[in-house]
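Subject: Structure handover

Hello,

Here is the structure I said I would pass on. Please open it beside this message and follow along; my notes come after it.

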Amino acid sequence: MRTLAYGSWPSPVDAALAAAHDGSPEWVDFVGDEIWWTEPRPEENGRRTLVRRRADGREEPVLAAPWNVRSRVVEYGGRPWVGTVRGEAPFVVFTHFADQRLYAYEPGGEPRPLTPLSPVGGGLRWVEPQLDLRRGEVWCVLEEFTGEDPGDVRRVLAAVPLDGSAAADRGAVRELTEERHRFVTGPRISPDGRRAAWLAWDHPRMPWEGTELVLAEIGDDGTLHGARTAAGGPEEAVAQVEWSADGRLLYASDRGGWWNLYRDGEPLCPREEEFGGPLWKLGHRWFAPMRGGLIAVVHGRGATALGILDPESGEVVDAAGPWTEFAPTLAVYGERVVGVGAGPRSAYEVVELNVRTGRARVAGAAHQDPVDPAYYPEPRIRTFTGPEGREVHAHIYPPHHPGCVAPAGELPPYVVWAHGGPTSRAPLVLDLDIAYFTSRGIGVAEVNYGGSTGYGRAYRERLREQWGVVDVEDCAAVALALADEGTADRARLAIRGGSAGGWTTAVSLTATDVYACGTIRYPVLDLASWGSGETHDFESRYLESLVGPLAEVPGRYAERSPVEHADRLTVPFLLLQGLDDVICPPAQCERFLARVEGRVPHAYIAFEGEGHGFRRADTLVRALEAELSLYAQVFGLNPPGVPKLEPAK
């Protein structure tokens with residue numbers, strides 16, 4: 001065992017290794033009896049490909065580069081593909097990221113376009129495709145831009161002919177609904193084919209604040225009529241809707257303070273835990289009804305498990321295995337359930353559960369240890385006390401190395417990680433970005449601050465009109481508690497985050513003296529401009545609940561915005577931004593930097609071809625190495641083999 005200062009431990013977890021393992025399988029489903037899913041390719045310009053697992057266990061990509069199976073609807077996207085077996089061969093419809101057109105594909109051929117391009121604004125976009133082979137159509141959500149501004153957009157349910165007749169003719173697309181709501185999810189068709197159900201909501205609400213469950217009849221000609229609200233409202237968020245095999249309506253609602261399941265309005269398994277979550281992407285699926293009446297569920301309080309719910313008894317039996325977190329994607333086929341799970345010692349992988357035998361196994365994208373697992377972080381689940389005695393949930397990852405210890409009496413540096421959203425949550429799973437730091441002797445504290453999901457609606461709503469206050473206070477409470485108890489070095493605390501986490505980081509650096517430096521990734525920095533047209537439509541009114549209506553509390557927007565308080569910034573920082581980001585545009589970074597120029601050491605790295613969140617391997621490598629270099633310079637560390645970040649003055 002070697003004795004070396006924290007931050008100088010040699011580690012096999014380099015930035016390239018972490019980048020290669022960034023992302024996870026997503027959007028699992030069955031095509032016939034085969035399991036298919038989308039999978040990231042950081043080394044191929046960050047595209048996502050479609051992968052199939054054949055009956056003999058072989059995994060193979062379905063679409064070669066440059067095909068990129070990813071939708072941009074509401075910018076965060078959603079389920080981008082659907083497949084079936086037609087004849088004896090798979091038949092797939094998917095959205096291609098580059099042009100956002102729908103394409104039909106059969107192995108052995110080339111994808112052929114089903115929808116046209118549009119020269120207007122962001123064009124035509126499609127998500128949540130569902131095949132209707134009887135009518136020769138694919139039903140989905142259409143997002144259509146009508147002008148150049150982000151708010152010049154309409155969303156409806158639409159049917160696209162599979163014969164390609166709409167590839168050059170917008171008029172051949174059959175719209176199924178009127179513009180009754182600003183946002184809609186894809187329709188779920190009842191087993192008898194006579195009814196459709198979907199979710200809808202309007203500004204200023206976000207889908208985790210209030211949605212409506214809409215029901216309509218399907219006419220013999222395939223039109224929808226008699227649309228009416230069956231559940232939900234301004235203070236009730238319905239997260240998902242499905243039909244049981246016997247034609248009863250199933251949905252997840254938080255009307256009781258937690259997302260629980262309901263069948264025709266009656267609770268099935270009332271518990272103080274979540275059977276749903278925030279609808280950031282259209283098509284998220286936390287439950288899937290099975291033919292015999294059972295329901296596959298992703299559920300939990302904080303962490304999530306894959307289980308089988310018996311709606312008659314209310315009993316849930318969870319799948320055994322090493323997975324402590326399941327993503328909101330599920331599919332069923334007979335007695336088989338497939339999802340995406342991960343744990344503290346394994347990244348996300350495709351997991352299959354046989355309901356009859358109760359056996360769960362890895363079915364695809366199996367985790368492979370790229371290094372000795374002895375270098376993996378060892379998390380601790382903790383609850384801290386924040387201001388006014390409120391609970392703050394966190395995952396603490398102490399420095400960990402199988403062959404190194406620090407000198408006696410030395411306390412380690414720690415970096416607080418603020419997750420995005422802010423209506424999201426940091427899952428307890430293996431993340432090689434975290435291992436990159438902990439294996440070098442730098443601790444990480446992931447904070448699920450007030451406003452995070454997974455702990456009920458009341459915990460989620462702690463952030464109502466308190467963004468930039470509660471999140472900042474909760475992160476600081478964890479950081480200071482770690483220092484007070486002797487776990488972390490008070491003089492060597494940092495904070496980092498992306499998107500909403502970038503906001504929390506920037507506010508923390510301008511409004512507190514807790515941290516010695518910080519890494520701000522694709523952040524919100526200017527509330528007034530972000531809330532008045534400088535972002536995309538989906539979140540354009542989000543600040544009304546997070547901060548308050550701009551017209552009523554304009555002073556609050558200025559009071560909390562980091563761009564207005566750049567003069568308070570006294571510690572070094574790193575700012576990372578994608579130049580193609582339409583959610584948190586680079587203009588905010590430029591205004592912020594203009595106000596700190598010459599005042600405090602900092603570095604700004606802008607990445608061409610990157611949007612909101614980084615996906616390309618070279619970007620991921622540079623961002624991670626720059627972040628470590630910042631901490632090395634500020635904390636006096638000596639990590640071997642890390643390029644030096646040259647800060648501006």
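Contact here means heavy atoms within 4.5 Å. Please also keep in mind that the model is predicted.

**Leu 543 and its surroundings**

Leu 543 is part of helix α7, which covers residues 543–546. Its relative accessible area is 1%, and buried means under 20%, so Leu 543 counts as buried. Not counting residues up to four places away in sequence, Leu 543 touches Trp 467, Leu 527, Trp 530, Gly 531, Gly 548 and Tyr 557. Of these partners, take Tyr 557: between Leu 543 and Tyr 557 there is a separation of 14 residues in sequence and 9.3 Å in space, C-alpha to C-alpha.

**The nonpolar cores**

The largest nonpolar core has 105 residues. Those that touch the most other members are Leu 213, Leu 224, Trp 467, Val 478, Tyr 515 and Phe 573. Helix α4 (residues 470–484) gives this core its largest share, seven residues. For Val 478, leaving aside neighbours within four places in sequence, the contacts are Phe 384, Val 392, Ala 394, Ile 396, Ala 445 and Val 447. Another core lies apart from the largest one; it has 41 residues, including Leu 17, Tyr 397, Leu 624 and Phe 635.

**The eight-stranded sheet**

Strands of a sheet pair through backbone hydrogen bonds, either parallel or antiparallel. In one open sheet, eight strands follow the order β31-β32-β35-β34-β36-β37-β38-β39, with mixed pairing. At its edges are β31 (380–385) and β39 (602–607), each of which pairs on one side only. From one strand to the next, the twist averages 20°.

Strand β38 (residues 573–578) runs parallel to β39 and is joined to it by six bridges. Here Phe 573 is opposite His 602 of β39. Helix α10 (residues 617–635) packs on this sheet and touches β34 (414–418), β36 (493–499), β37 (517–523), β38 and β39. The direction of α10 makes about 155° with that of β37.

Another helix to look at is α9 (residues 586–596), in which Pro 586, Gln 588, Cys 589, Phe 592, Leu 593 and Val 596 are the buried residues. Why do the buried residues of α9 line one face of the helix? Seen down the axis of α9, they fall within an arc of 150°, so they line one face. They pack against β37, α6 (527–530), β38 and β39. After α9 comes Gly 598, with a positive phi near 80°.

**The four-stranded sheet**

A second place to look is an open sheet of four strands in the order β2-β3-β4-β5, with antiparallel pairing. Its edge strands, β2 (26–31) and β5 (59–61), each pair on one side only. The twist in this sheet averages 30° from one strand to the next. Seven bridges hold β3 (residues 34–41) and β4 (residues 47–53) in an antiparallel pair, and Ile 35 is opposite Arg 53 in β4.

**Strand β8 and its two hairpins**

Strand β8 (residues 102–105) is covered on both faces. Leu 102 and Ala 104 are buried on one side, Tyr 103 and Tyr 105 on the other. β8 pairs with β7 (residues 89–95) in the antiparallel sense over four bridges, where Tyr 103 is the bridge partner of Phe 94. The hairpin of β7 and β8 has six residues between the strands, and Gln 100 there takes a positive phi near 65°.

β8 also pairs with β9 (residues 112–113), again antiparallel, over two bridges. On that side, the bridge partner of Tyr 103 is Pro 113. This hairpin too has six residues between its strands, and Gly 108 in the turn has a positive phi of about 100°.

**A loop residue and the cysteines**

Thr 453 is in the loop between β35 (443–448) and α3 (457–460). Is Thr 453 buried or exposed? It counts as buried, because its relative accessibility is 6%. Apart from neighbours within four places in sequence, its contacts are Trp 259, Pro 278, Thr 423, Ser 424, Arg 425 and Arg 460.

How many disulfides does the structure hold? It holds zero. Cys 475 is in no disulfide, and the nearest cysteine sulfur, that of Cys 517, is 15 Å away. Cys 475 counts as buried because its relative accessibility is 0%; Cys 404, at 3%, also counts as buried.

Regards

Notes
Residues numbered from 1 in each chain as written. Predicted model: local features only at pLDDT ≥ 70, side-chain atom pairs only at ≥ 80, totals over all residues. Heavy atoms only, no water. Disulfide = S-S within 2.5 Å. Buried < 20%, exposed > 50% of the residue type's maximum accessible area, 1.4 Å probe, protein only. Pairing = 2+ DSSP bridges. Axes fitted to C-alpha atoms, helices over the stretch in contact; angles between N-to-C directions. Core = buried A, V, L, I, M, F, W, Y, C linked by side-chain atoms within 4.5 Å. Arc of directions from axis to C-beta.
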